[in-house]
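Colleague: Hey, got a minute to go through a model with me? I'd like to see what's inside it and then look at some loops.

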Amino acid sequence: MAQPDGKKIFFENLSGAGKAIAVLTSGGDAQGMNAAVRAVVRMGLYVGAKVYFIHEGYQGMVDGGENIKEATWESVSSMLQVGGTVIGSARCKEFRSHEGRLKAAHNLVQRGITNLCVIGGDGSLTGANLFREEWSGLLGELAEQGLIDADAVQMYSALHIVGMVGSIDNDFCGTDMTIGTDSALHRIIEVVDAIMTTAQSHQRTFVLEVMGRHCGYLALVSALACGADWVLIPEMPPEDGWEDKMCEKLSANRAGMKRLNIIIVAEGAIDRNNAPITTDYVKDLVVKCLGFDTRVTILGHVQRGGTPSAFDRILASRMGVEAVLALLETTANTPACVVSLCGNQSVRLPLMECVQMTQEVQRAMDGRRFEEAVKLRGRSFENNLKTYKLLAHRKPESELPVSNFNVAVLNVGAPAAGMNAAVRSAVRVGISEGHKMFAVSDGFEGFYKGQIKEIKWADVGGWTGQGGSLLGTKRTLPAKHIDKIAEQMRKHNINALLIVGGFEAFESLLQLYEARSAYEELCIPMCMLPATISNNVPGTDLSIGADTALNAIVETCDRIKQSASGTKRRVFIIETMGGYCGYLASVGGLAAGADAAYIYEEPFDIRDLQANVEHLTEKMKTSIQRGLVLRNENCNENYTTDFIYQLYSEEGRGVFDSRKNVLGHMQQGGAPSPFDRNFGTKISAKAMQWISKKLLETFRHGRVFANTEESCCLLGMRRRALVFQPVVQLKDETDFVHRIPKEQWWLKLRPLMKILAKYKTTFDVSDSGQLEHVVRNRPKESDASVAM
């Protein structure tokens with residue numbers, strides 16, 4: 001497990017001197033592979049190791065020669081934002097033979113390489129493990145043939161393997177997310193959003209095929225993210241007679257004034273008899289049974305292409321650094337491991353345990369044990385499936401439980417992409433639980449003015465992909481209007497409250513909790529979901545909306561850097577939002593490949609600014625043509641964006657020129673990213689289930705009465721788990737003056753950004769994982785899966 005908090009180990013103790021690390025990409029390509037390669041190369045060089053590229057995957061390892069080249073710092077410049085893999089990937093039949101692996105071993109030993117970082121799927125990683133197991137035997141054969149001497153056999157006696165999973169299908173057990181999956185979801189959702197506009201115009205039904213021959217993750221999560229009417233995946237084939245049920249649902253949706261239908265089919269979709277279900281079959285079925293104008297769209301390799309998302313760049317960079325640390329710490333007895341993501345934490349798992357469980361999934365599907373296959377995919381997949389069923393398929397009124405509880409939902413604070421997905425999820429789960437749902441317009445301002453009305457299942461159709469806040473949101477806090485709010489609660493008989501918002505929502509919930517002693521109407525279950533682009537709410541590692549803002553920042557930085565291609569050397573100073581919280585500047589800087597990021601949480605002075613300018617000047621003289629510096633809007637009242645721009649312009653004169661750009665409210669706008677749609681949907685569903693449970697627990701003598709700390713909570717992501725935390729207990733963790741948590745996990749990522757920008761710094765590896773084991777069923781609360 002990870003080292004205890006507070007115990008810091010710095011990687012200066014883990015020297016890579018004398019070691020040679022080779023990195024290769026194998027199998028299908030995935031967006032973000034280049035970010036992983038870049039991180040491995042730069043971290044390897046940073047700790048003093050030699051690092052080699054192996055071009056064209058295992059084929060390059062077998063062929064040797066120019067395919068195995070030593071990497072330099074500059075050789076991975078400008079590749080962070082490039083899709084695919086610039087070092088190439090190829091399927092290699094020769095490596096599957098003993099003779100092929102013998103050639104590969106010879107090529108590695110000639111260069112002194114005994115550390116391999118393999119980025120690929122389960123086939124590539126299985127091949128790497130077999131190579132490792134055969135290594136000593138292969139060296140013995142090479143010595144017998146006179147190709148290497150006895151000293152080489154002894155010196156290079158062990159081969160160390162660390163894997164990173166690059167696959168858009170997210171079909172590898174042991175990790176919540178594989179490199180490339182989030183980017184593939186971006187491509188799918190961009191297409192679905194575009195198709196929805198034309199489908200609505202013509203009242204059409206669209207059947208979309210997405211990738212996933214053996215895994216339905218992309219189909220399932222994209223169906224959740226766009227609110228699809230029906231989804232077909234290999235892990236959970238539909239019950240016999242599904243054709244009639246699907247047509248009934250499509251017909252009912254049209255009767256409810258919906259002008260379009262979306263059906264998503266995984267390319268490996270099957271029925272209960274393991275027979276394939278094709279898009280053409282689904283189309284013909286809809287046309288024959290309903291007569292709807294129906295079209296098929298097959299997305300194909302579009303899903304593999306394009307620029308990696310912010311999530312994939314950060315994931316790949318973190319995994320690449322973790323992979324190098326794992327190689328530095330490995331011994332001859334350490335099994336091959338794979339670097340994985342669990343919740344919001346990097347972990348190391350035995351490679352073959354993960355591979356074996358991945359293969360078990362396929363065996364379960366082949367044996368028609370579909371429930372088992374879903375469970376083996378992991379709790380994240382299982383929860384996605386449960387949530388989809390809950391939101392997509394409305395039970396008949398006669399089957400709904402009757403609770404007689406009224407639940408109100410409102411947005412508070414600045415708008416954040418993903419708020420509408422959270423509200424839709426809350427409304428539909430609430431109705432499924434038998435509650436009457438009420439929507440409050442314009443936050444607490446609308447609450448005290450009585451802008452409260454019942455909201456039905458169909459009212460939130462199509463909300464998932466909408467940016468901003470359709471309910472309306474204001475920063476007004478409830479304290480000044482508590483009398484009128486209590487009166488409105490009494491008038492509408494509100495029995496529970498769900499607040500979706502940022503720091504103002506947190507303050508609001510605290511004020512409502514503290515007013516309970518004076519107002520019985522406030523003695524009801526209350527829950528808050530963090531939703532703010534600033535990611536500055538205590539009690540959670542992530543907030544709804546932050547991922548969309550990060551993608552906006554990263555896309556803009558890519559364009560700004562590209563604008564300088566072919567011109568003279570140039571440095572861009574970019575100002576980001578976030579209040580006093582430096583999350584967007586720091587994590588955006590890591591994803592965009594920034595040279596520096598100035599934030600309030602890490603004080604700096606004129607000497608630091610001067611050192612940064614000198615560092616950039618040195619880099620500009622020797623290698624890079626473009627520099628990127630991010631500045632949080634409130635990082636320092638004197639060192640403003642203008643001041644830093646003028647300083648860089650003056651001090652860089654003759655070497656580079658400078659430009660500045662204030663990103664402003666574009667970070668708050670736009671359609672929510674797939675991550676924010678799904679994060680909002682899933683945590684909102686979990687919050688509503690918690691509210692239902694609390695309502696039953698606190699209903700006594702014909703009324704709800706909840707006045708304990710545990711009945712007024714914030715639902716947040718903490719490392720590996722989604723946790724309900726009483727807001728009153730979070731007060732001590734909060735800096736109310738600057739509206740930020742006192743402890744922020746992402747500060748540990750800042751040295752990573754500096755290392756990848758060639759700064760000498762210390763890096764706390766206390767969170768780096770020791771080898772763990774694959775667990776079939778994680779503890780119940782860890783269904784958090786930061787990864788959607």
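**Inside the fold, then the loops**

Modeller: Sure. Keep in mind that this is a predicted model. Let's begin with the lining of the largest cavity: helix H10 (310–329), helix H18 (546–563), helix H19 (583–592) and helix H22 (674–698) each give at least two residues to it.

Colleague: Which helix gives the largest share of that lining?

Modeller: H10 does, with 4 residues.

Colleague: And how many cavities of 30 Å³ or more are there?

Modeller: The count is 1. The space in the largest cavity comes to about 240 Å³. It is lined by 18 residues, and the closest to its centre are Phe311, Ile314, Asn344, Leu542 and Tyr583.

Colleague: What kinds of residues make up the lining, by nonpolar, polar and charged?

Modeller: The split is 13 nonpolar, 2 polar and 3 charged.

Colleague: OK, new topic. What's the phi of glutamate 56?

Modeller: Positive, about 65°, although glutamate 56 is not a glycine. You'll find this residue in the loop between strand E2 (50–54) and helix H2 (57–63).

Colleague: How much relative accessible area does glutamate 56 have?

Modeller: It has 35%, so glutamate 56 counts as partly exposed.

Colleague: Where does serine 78 lie?

Modeller: In the loop between strand E3 (68–70) and helix H3 (98–110). Serine 78 also has a positive phi, about 60°, and it isn't a glycine either.

Colleague: Why does serine 78 count as partly exposed?

Modeller: Because its relative accessibility is 46%, and exposed would need over 50%.

Methods:
Residues numbered from 1 in each chain as written. Predicted model: local features only at pLDDT ≥ 70, side-chain atom pairs only at ≥ 80, totals over all residues. Heavy atoms only, no water. 1 Å grid on protein atoms, 1.4 Å probe; cavity = no way out; pocket = protein on both sides within 12 Å on 5 of 7 lines; lining within 4 Å. Points joined across faces, edges and corners; volume = space filled by probe spheres on them. Nonpolar A, V, L, I, M, F, W, Y, C, P; charged D, E, K, R; others polar. Buried < 20%, exposed > 50% of the residue type's maximum accessible area, 1.4 Å probe, protein only.
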